[in-house]
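Colleague: Please take a close look at a single part of this structure, the disulfide, and describe its surroundings in the chain. A word on enclosed space elsewhere would also help.

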Amino acid sequence: MMKYNPSANQTSGNLCRFLVPCMAIALAVHASWAGAALIIEAEPNNGFATASPLSPGNPYVSNIGVVGDIDWYTAPGAVAGHLVFAFADSQGSSASDDITLWTIDNALAVTDFDTGSGPGHSSVIAGRAVTVAGNQYLVTAESSGAAVITPYVLYYSMVDPADAIAEVEPNDSVGQAEFISGPMVTGTVSGIDVDVFAFEALAGQAIVVICDDDPDDDGVNTDTGLQIIDSDGVTILATGDNISSNEGNAAGTAMAAATGTYYLRIINGAAFDDDYRFVILVDGEPAQAPPPAPCAADADADGVCDNVDLCQGNNASGDTDGDGFCDDIDNCPTTPNPSQADMDYDGLGDSCDALGTALCGYGGLSFAPMMAAGLGLVRRRSKRMVRQ
């Protein structure tokens with residue numbers, strides 16, 4: 001059960017004592033971010049009826065501004081079975097950084113909670129399935145109930161398990177890093193194995209990783225070691241708490257100093273399990289692979305680089321039907337016809353020449369050779385007639 005539940009009608013006097021300084025801190029934090037829609041918490045939000053709305057890609061900068069304060073957030077329309085990843089990062093607090101985080105379902109039942117599983121005394125809930133469809137709530141409070149937290153940042157992501165991307169080996173080094181291609185990645189790591197993933201970040205963007213160390217819910221944790229690596233492939237920007245007793249782990253917040261490719265390295269902390277699943281959030285949004293490099297040359301200006309353009313120099317439309325023949329020489333440019341068969345020799349491939357196929361084929365036999373022979377006889381007879 002939750003430790004604190006102050007009335008939703010906190011006095012305006014309490015609110016005024018912390019709102020102005022908290023706004024100043026929030027604005028200072030916001031200024032250091034590149035482009036995220038970082039939302040500044042607005043009180044009152046200390047009950048489910050006044051919960052602040054959550055939106056993926058919009059982290060909250062918030063405060064436990066008075067002793068006993070509690071903050072509620074809601075993700076409306078949550079789908080049963082989808083997975084919640086949340087990270088309350090309190091490492092930047094100028095006061096207490098001991099934060100507790102709960103998940104509460106649409107029936108107002110507590111489904112999970114954490115105190116201090118993240119770096120410092122931050123809290124993490126990773127891979128918690130939504131049990132009841134509808135509003136899903138996140139709730140935060142200072143763990144002792146006797147101090148304030150100014151500020152903390154709340155990151156949140158809701159993931160459909162069907163969208164998970166499985167790790168592909170080998171990805172044991174920065175040189176072999178697997179580029180992130182989905183909102184959540186699943187994998188295994190054991191012994192001396194190392195898994196490395198790559199993603200893109202712009203200068204000034206905030207990077208966090210939220211990892212579920214017990215995705216199969218068997219009660220045995222993988223004890224992942226998380227490291228966010230700079231674009232140089234060497235410098236460690238942030239690490240997780242990497243404690244075997246914690247089901248959730250997180251690393252961040254790390255700030256990208258320059259635009260480029262960044263990395264996540266995962267190692268196993270000698271625990272008894274090896275499975276994990278994680279999300280990487282860049283300014284609150286799921287991480288992405290870097291965009292394709294621009295073409296060095298594109299002779300036919302079709303947007304396909306010459307080094308991979310199968311129809312280079314033929315035309316800009318390429319191979320529309322994907323049958324291996326470029327459109328300008330394909331006898332059926334919009335219908336796959338890899339054999340380029342043309343039974344009636346009319347220049348239109350059989351795949352898109354229903355009339356020709358019907359006239360020139362019967363019972364699986366082709367009359368094309370007979371037609372060709374007949375034409376030859378006609379030509380020879382005509383020549384004889386001329387000689388006469």
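Modeller: What follows covers the disulfide, then the cavities.

The model is predicted. A search of the whole structure turns up one disulfide. Its partners are Cys-332 and Cys-352, with an S to S distance of 2.0 Å. The angle about the S-S bond is -95°, and the link between Cys-332 and Cys-352 is left-handed. The pair connects distant parts of the chain, 20 residues apart. Both cysteines sit in the loop between strand S21 (285-286) and helix H2 (354-360).

The two ends of the bond can be described by their accessibility. Cys-332 has a relative accessible area of 0% and counts as buried because that value is under 20%. Cys-352, at 30% relative accessibility, counts as partly exposed because the value lies between 20% and 50%. Another cysteine, Cys-211, is buried, with a relative accessible area of 0%.

As for enclosed space, the search of the whole structure gives three cavities of 30 Å³ or more. The second largest cavity has a volume of about 50 Å³. Residues lining the second largest cavity include Leu-54, Ser-55, Gly-57, Asn-58 and Pro-59, as well as Leu-281 and Gly-284. Leu-154, Tyr-155 and Tyr-156 are also among the lining residues. Strand S10 (residues 149-159) gives the most to this lining, with three residues. By class, the lining of the second largest cavity has six nonpolar residues, four polar and no charged.

Key
Residues are numbered from 1 along each chain as its sequence is written. This is a predicted model: local features need pLDDT of at least 70, side-chain atom pairs count only at pLDDT 80 or more; totals for chains, interfaces and linings use all residues. Side-chain values use heavy atoms; hydrogens and water are left out. On a 1 Å grid over the protein atoms alone, a cavity is a set of points where a 1.4 Å probe fits but cannot get out, and a pocket is an open set with protein on both sides within 12 Å along at least five of seven lines; lining residues have an atom within 4 Å of a point. Grid points are joined across faces, edges and corners, and a volume is the space filled by probe spheres set on the points. Helices (H or I, at least four residues) and strands (E, at least two) are DSSP runs, numbered from the N terminus. Ala, Val, Leu, Ile, Met, Phe, Trp, Tyr, Cys and Pro count as nonpolar, Asp, Glu, Lys and Arg as charged, and the others, Gly among them, as polar. A disulfide is a pair of cysteine sulfur atoms within 2.5 Å. Buried means under 20% relative accessible area, exposed over 50%, partly exposed in between (1.4 Å probe, protein chains only).
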